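Please read the points below with the structure open beside you, and look up each residue as it is named. They are written for someone meeting a structure of this kind early in their studies.

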Amino acid sequence: MAEYYWLLVASALVFMMQAGFLCLESGRIRSKNSINVAAKNISDFIISTTLFWLFGFGIMFGDSVAGLFGASDFFFDDRHTPWEISFFLFQMMFCGTAATLTSGAVAERMTFIGYLAITVVLSAFIYPIVGHWAWSGVYPSEGPEGWLEALGFIDFAGSTVVHSVGGWVALAAIIIIGPRLGRFEEGIRLPPGNNLPLSALGTLLIWFGWIGFNGGSTLALTDAVPMIILNTFISAAWGALIAAGINYFRDGYIEVGFVLNGTIAGLVGITASCHVVSPGASVIIGAVSGVVVYFGSLLMERWSLDDALDVVPAHLFAGIWGTLSVALFGQTDKIDNGLGFLGQLGVQALGIVVIGFYCFVVGYSCMWLLNRFMPLRASKEQEEQGLNVAEHRATTELFDLLTSMQYQQNNADFSKPVPEEPFTEVGQIARKYNQVIDRVSTEIAQRDDALMRFQESEMRKSAILNSSMDCIVTINRFGSVIEFNPAAERTFGCLKKQVEGKSFIGLFIREEDRKKIFESLNSGFSTSNGLILNRRNPFRLQRSPNNDFPAEIAITKANADSSQESEYTLHIRDMTRHVKLQERLKFLAYSDPLTSLYNRTYLMDSLISALLFATKQKTSVGLLFLDLDNFKIINDTLGHKAGDELLCEVARRLIAVSDQFDVIARWGGDEFVFMMTKDVTESRLAKRAQQILEAMRAPVCLNEQYFTIPTSIGIAYTGEQSLDADKLIQQADIAMYWAKEKGRDNAQFFTPEMSNIVTKKFGFEKEINDALASEQFSLVFQPKVFMEKENILGLEALIRWNHPTKGLIPPADFIPMAEESNLISRIDEWVIDQALLQQKAWRDQGLRIVPIAVNLSGRHLVSDSLVSYISQKLNAYGIEGCLLEIEITEGVLLQDIQRCIEVMAELKELDIRISVDDFGTGYSSLSYLKRLPLDILKIDHSFVEECDRHIEDAKICETIVHLARNLELVIVAEGVETAPQADTLKSLGCEIFQGYYFHKPMVSADIAKLLIEDLVIG
């Protein structure tokens, strides 16, 4: 009988813990929620008790199914023995304890119905399952023990099974519903509770009830019970002592909440091992529990997890520590399960992890689903009103008084007194409040007249202050703020009530200027140092430290009294927008908007100033004029965005190699100017140019492709000569073009000879323009024959320039110059037009026309206008595409092979044949012969010239012939001038020839005589 007597006593003690939790929670929260907390505490115990009787006990202690859950003893009834019924009651109290923990964590913000739903989840699906895993063996039943218990897991009275389970569910609930309103807002500190003595009483009741909690877990009144209770009390005391000590050491005072939580953490920590540890170990366990609960609460706050009563640190964190303490401090002879230290530690850790994972996942998932169908979180209005009223329509005398006072405040209606309840403290407060209101009403009535007159005066004053767009601030002789108009509030970012009476100088004058302004104020703003009375003073003020702005201040004296009562009005205008506008205008005027380098205007101004200074100081100014080689190709092929990225990258690289005395400007397009004014010598200019070239040669990634930026640099400097800005720029520009002539990607110093050559070149370009306009150009045609002179296969159109004063100018003199500019495209178009026009004329004469070959420049080949122009001219003259042949040189193909392929494909669609001229003199790459849609190869005359006398030239010609045949290309030998050359080429397999030996270039009239129909080979 003694066995179940002790269980019944222990059950009563554990039941008392419910009262302790109710007192603890009610005292730790605000009074407007205390009734709600009480309702939740008693309701969760009712629900957990009911569910535990229905099926919770059966799942936890029934016949085990694979050690996972029980499947018997549902609807516990009178078929059981008194001991079994006593055991059931004892375990029912444990279930209620686990269920009630969540209430404290989510207090003041969780709906009553939502909390009950969570209680159902914990009592039905979480606690019984976890309890079966760890404790099923303590109750006689069929089947195996719980799987954790079978592994040797020990949790004597529930550090994990009860407290950590409740803690994990509480943590999930905290995450789901979020913090209380204002909990983590800066400047807001929620009150620690409405009745801390009641909370202390609750803690003592819990401590007292823990005698049954731990002592009853022996399930009988044995010799071990006294030591268990001793360990329990020691651990609780040390938990409270250490938590309070850390609180005092770190914060300088003792917060009652840490004393209470430290006590509970000590109780939770010892619960798992109280039967197998010594009192000395209990001291350590309790002390560490105090550390855990203190820093755990700080950690929860850092994570912005609002745990109203620190349930998670006190029950979950301390419970985990307590469960591990079994292995760390448990006496092996008392544990007696065959496991060593590491084995026991591993089993304990496994139990913590598995139980924690199961509880958190199931709890979080169920709450997440519940939250989708029913709100677990009280609304903002309900939380502000308090859950006593919002959830239960409960009220108190104090609440009624506050409601009446709130009505008066909101409606400004003090005509009716608040209700007075006699013979209560609240009634006495209400009576005194009504007396105060009566006195205030009397005072207000007496002052209304004076106030009205004062308000009229203030309204006139305020109208001026409020309508002003400038800041108007009035200060006294000490610098304290008296008036602060709305414009000042907007400008300085603070309200009048925040700065009134405070020092204007201390708030809005920068620290480095305060001494000077104090001196100005003391002198009545009459000294020249600082601000001056009745004058616009440019100055910098601050909105806050490190946030200053430009301003204009005009100071007037606000009264004519003695200096002891002097007031000053500061009219302040914020000049930020004005200054920014000036800076923006200056930036737009002197900067390049793309690269943020200086622009041409700034460079010229700086260059003029630098030249004047250099003339006076007998120093030099140097210019490096940069032009990006092949920029147009990148811009055309990759697009303008890539081109802009390239220009910005160039700007960054130029800045990287410059120093503080250099000026870098974007001259225009892809041209940049680098000006040096410090220690300018020829060697320093050459060194800087080399640095720039090396910087530009580094690859740059554009559109996921890597390119280099070869750059041509022209260098000019004043030296001992006197030059103006335009002349120096011109010299550097000429030197840059000379660098391009020297193969690009190099730097050249200006010399006088360059100017003469460039002048001649520019003159030639003008003459070419004039020649195109005045029809100084003409065409001659050189036939291509098949084997013999009479068998004409086609013609090659050759341009001639008959200058009116210089006579006949060879193409070799003017074509290269034209290729450096857009003139070559105009010349090409003129040749195409004249060749097709001549074919039309021969056709109109009844002659059988043959294909005419036209030479094209590389610049024109890759242009966008070539194909459309040829198509238009073919249609205009009614000429078939097969009667036109385009000749290009090998060097053209090296510029942009992909673009060449695209253009050639479009030409082939017009039935135009394409030949490679001067084959063998370039790179002779077989790769492009394979990729390009070619028809004809022309052997260069340099190989033909000595093919009959030198075996090497003959071999080259033979190789080209075989190559053309293998690629199914037509082969033409050009520059054939002698019979031996023709015979040698025929012996090598060449059949088509062009050269003086057969025909010289002839004018169109002579060609017409040859184009007799029966002499032409089709």
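## Notes on a loop, a helix pair and a sheet

1. At 48% relative accessibility, F75 counts as partly exposed, because that value falls between the cut-offs of under 20% for buried and over 50% for exposed. Please keep in mind, here and in every later point, that this is a predicted model.

2. F75 sits in the loop between β2 and α3, and its phi is near 50 degrees, which is a positive value in a residue other than glycine. This deserves a second look, because most residues other than glycine have a negative phi.

3. D73 belongs in the discussion as well, since its place is in the loop that runs between β2 (69-70) and α3 (82-105). D73 is not a glycine, and yet its phi is positive, at about 60 degrees. With a relative accessible area of 21%, D73 is partly exposed, because buried would require a value under 20%.

4. Turning to the helices, α7 (residues 196-215) packs with α8 (residues 224-251) at an angle of about 135 degrees, and their axes are 9 Å apart. That angle makes α7 oblique to α8, because it lies outside the range of 65 to 115 degrees for roughly perpendicular and is not over 145, the limit for roughly antiparallel. The crossing of these two helices, α7 and α8, is right-handed.

5. Which residues of α7 and α8 make the contact? On the α7 side they are W207, W210, I211, N214 and G215, while α8 contributes V225, I228, I229, T232, F233, A236 and A237. Sorted by class, the contact of α7 with α8 has nine nonpolar residues and three polar ones, with no charged residues.

6. The next feature is an open sheet of five strands, whose order is β4-β3-β7-β6-β5 and whose pairing is antiparallel. Its edge strands are β4 (481-484) and β5 (536-544), each of which pairs on one side only. From one strand to the next, the twist averages 35 degrees.

7. To follow one pairing in detail, take β5 and β6 (residues 547-557), which pair in the antiparallel sense over eight bridges. Within this pairing, Q542 has D548 of β6 as its bridge partner. As background, strands of a sheet pair through backbone hydrogen bonds, either parallel or antiparallel.

8. Finally, helix α21 (residues 514-522) packs on the sheet, where it touches β3 (471-476), β5 and β7 (567-574). The direction of α21 makes about 125 degrees with that of β5.

Definitions and conventions: Residues are numbered from 1 along each chain as its sequence is written. This is a predicted model: local features need pLDDT of at least 70, side-chain atom pairs count only at pLDDT 80 or more; totals for chains, interfaces and linings use all residues. Side-chain values use heavy atoms; hydrogens and water are left out. Axes are lines fitted to C-alpha atoms, for helices over the stretch in contact, and angles run from 0 to 180 degrees between N-to-C directions. Helices (H or I, at least four residues) and strands (E, at least two) are DSSP runs, numbered from the N terminus. Angles under 35 degrees count as roughly parallel, over 145 as roughly antiparallel, 65 to 115 as roughly perpendicular and the rest as oblique. A crossing is left-handed if the near helix is turned anticlockwise from the far one by less than a right angle, and right-handed if clockwise. Contact means heavy atoms within 4.5 Å. Ala, Val, Leu, Ile, Met, Phe, Trp, Tyr, Cys and Pro count as nonpolar, Asp, Glu, Lys and Arg as charged, and the others, Gly among them, as polar. Buried means under 20% relative accessible area, exposed over 50%, partly exposed in between (1.4 Å probe, protein chains only). Two strands pair if DSSP finds at least two bridges between them.
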